[in-house]
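Work through the exercises below with the sequence and the 3D structure open. Try each task before reading its solution.

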Amino acid sequence: MKFIRDLIGKKQAQAEAETAAEAEAETETAAAPEEKIAEPQHDPIDPRLRGGELSAEVNAMLTNVNAKTRAADAPSVQAPAVNIWDMDSDDGSTALPDRAPVLPKPSPALASAAAARSPARSRRTKTRLIGFDKSDGSVVDLFNDAPKVVATQRARFPVGWITVVAGPGRGESFALLAGMNPIGRGDDQAIQLDFGDTAISRSNHAAIVYDTDGKEFLLGHGGKSNIVRLNDRPVISNETLKTGDVIRIGETVLRFVALCDKSFNWADGATGEGDDVAIA
């Protein structure tokens, strides 16, 4: 306000100085000089505070300054938040649109590149479940596309097994039953080694016996010209067999594995006549 009072005082002093100069000039030119009346001194205080009036130019200036001051001091008023449910459409309708707007689809090339750059994708192990769709669209059928498997020969109450580990028929296996198990190439042999080894006789080249009373396995030869060997030793008489023993006839090598022994025997748990016949 001091600045405004000084500005008003300067304007008034300038106006009064001009008025005094004009009045002095008129007094000097007057025919009969009159006694000069003393002019009032300039009061720097706003004349409105002393009951005086301001000029139109000063009033306009003060009005402009006061308006700017009130605008700066006035608290800012924020517009109220608008709820989207209170907004009206251009046509005044509040009904929902018939269908959702169609968004642009990203380019497949850009989507693939972004997925390849993803750190989570680079850390993830790639897996594929058999029997489900593959990436090329084809389907793996677990049953129809699998190779045909020949049904294995089942045996009830086996007492052990003999397996071809070398020579013709490698990988074949046979279940041993209680009693006599003849070895040969014929169809009537319990252990039919008809895989192309002609050194094996058609029938009774050798035999493996499980003695249910003594609970032990025995290997015997059938008196053929081709020698039967047990662990690389010729079989001259009956020899006791144990798990892991190797039998060689011609070019065929067999490995023996026992199930029954003194600690386990099917006859110990027989409950009926049918079981006894099968075991015997």
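The exercises go from the whole chain to its sheets, its core and a few loop residues.

The model is predicted, so local features need pLDDT of at least 70 and side-chain atom pairs count only at pLDDT 80 or more, while totals for chains, interfaces and linings use all residues. Residues are numbered from 1 along each chain as its sequence is written, and side-chain values use heavy atoms, with hydrogens and water left out.

**Exercise 1. The whole chain**

Describe the protein chain by its elements, its burial, its surface and its contacts.

Step 1. The protein chain has five helices and eleven strands. Helices (H or I, at least four residues) and strands (E, at least two) are DSSP runs, numbered from the N terminus.

Step 2. Of its 280 residues, 19% count as buried. Buried means under 20% relative accessible area, exposed over 50%, and partly exposed in between (1.4 Å probe, protein chains only).

Step 3. The accessible surface of the chain is about 21600 Å², and 54% of it belongs to carbon and sulfur atoms. Accessible areas come from the Shrake-Rupley method with a 1.4 Å probe; for residues, only the protein chains shown count as cover.

Step 4. Among contacts with a separation of 6 or more, 40% are between residues 24 or more positions apart. A contact means heavy atoms within 4.5 Å.

**Exercise 2. The sheet of six strands**

Give the strand order of the six-stranded sheet, then examine E1 and E2.

Step 1. The order is E2-E1-E11-E10-E7-E8, in an open sheet with antiparallel pairing. Two strands pair if DSSP finds at least two bridges between them.

Step 2. E2 and E8 are the edge strands; each has a single partner strand, so one side of each has no neighbour in the sheet.

Step 3. E1 and E2 are antiparallel and are joined by four bridges. Across this pair, Ile-162 is opposite Phe-174, and Gly-160 is opposite Leu-176.

Step 4. E1 and E2 form a hairpin with six residues between them, and Gly-167 in the turn has a positive phi of about 90°.

Step 5. Side chains alternate along E2: Phe-174 and Leu-176 point to one face and are buried, whereas Ser-173 and Ala-175 point to the other and are not.

**Exercise 3. The sheet of five strands**

Why is strand E3 (residues 179–184) largely enclosed by the rest of the structure? Find the place of E3 in its sheet as well.

Step 1. Count the buried residues: five of the six residues of E3 are buried, so the strand is largely enclosed.

Step 2. The open sheet has the order E4-E3-E5-E6-E9, with mixed pairing. E4 and strand E9 (239–241) are at its edges with a single partner strand each, so one side of each is left without a neighbour in the sheet.

Step 3. E3 pairs with strand E5 (residues 206–211) in the antiparallel sense over five bridges. Gly-179 is opposite Tyr-210 in E5, and the bridge partner of Ile-183 in E5 is Ala-206.

Step 4. E3 runs parallel to strand E4 (residues 191–192), with two bridges between them. Here Ile-183 is opposite Ile-191.

**Exercise 4. The nonpolar core**

Which residues of the largest nonpolar core touch the most other members?

Step 1. A nonpolar core is a set of buried Ala, Val, Leu, Ile, Met, Phe, Trp, Tyr and Cys residues joined through side-chain atoms within 4.5 Å.

Step 2. The largest core has 24 residues, and Ile-162, Ile-191, Leu-193, Ile-208, Leu-219, Leu-241 and Ile-247 touch the most other members. Three residues come from E5, which gives the most to this core.

Step 3. Take Leu-219: leaving out residues up to four places away in sequence, its contacts include Ile-208, Val-228, Leu-230, Leu-241 and Ile-247.

Step 4. In soluble globular proteins, nonpolar side chains tend to be buried together.

**Exercise 5. Three loop residues**

Locate Gly-171, Asn-204 and Asp-232, and classify each by accessibility.

Step 1. Gly-171 is in the loop between strand E1 (160–166) and strand E2 (173–176). Its relative accessibility is 56%, so Gly-171 counts as exposed. The C-alpha atoms of Gly-171 and Leu-254 are 9.8 Å apart, with their positions 83 residues apart along the chain.

Step 2. Asn-204 is in the loop between E4 and E5. Its relative accessibility of 41% makes Asn-204 partly exposed. Asn-204 is not a glycine, yet has a positive phi of about 55°.

Step 3. Asp-232 is in the loop between strand E7 (228–230) and strand E8 (233–234). With a relative accessible area of 62%, Asp-232 is exposed. Its phi is also positive, near 70°.
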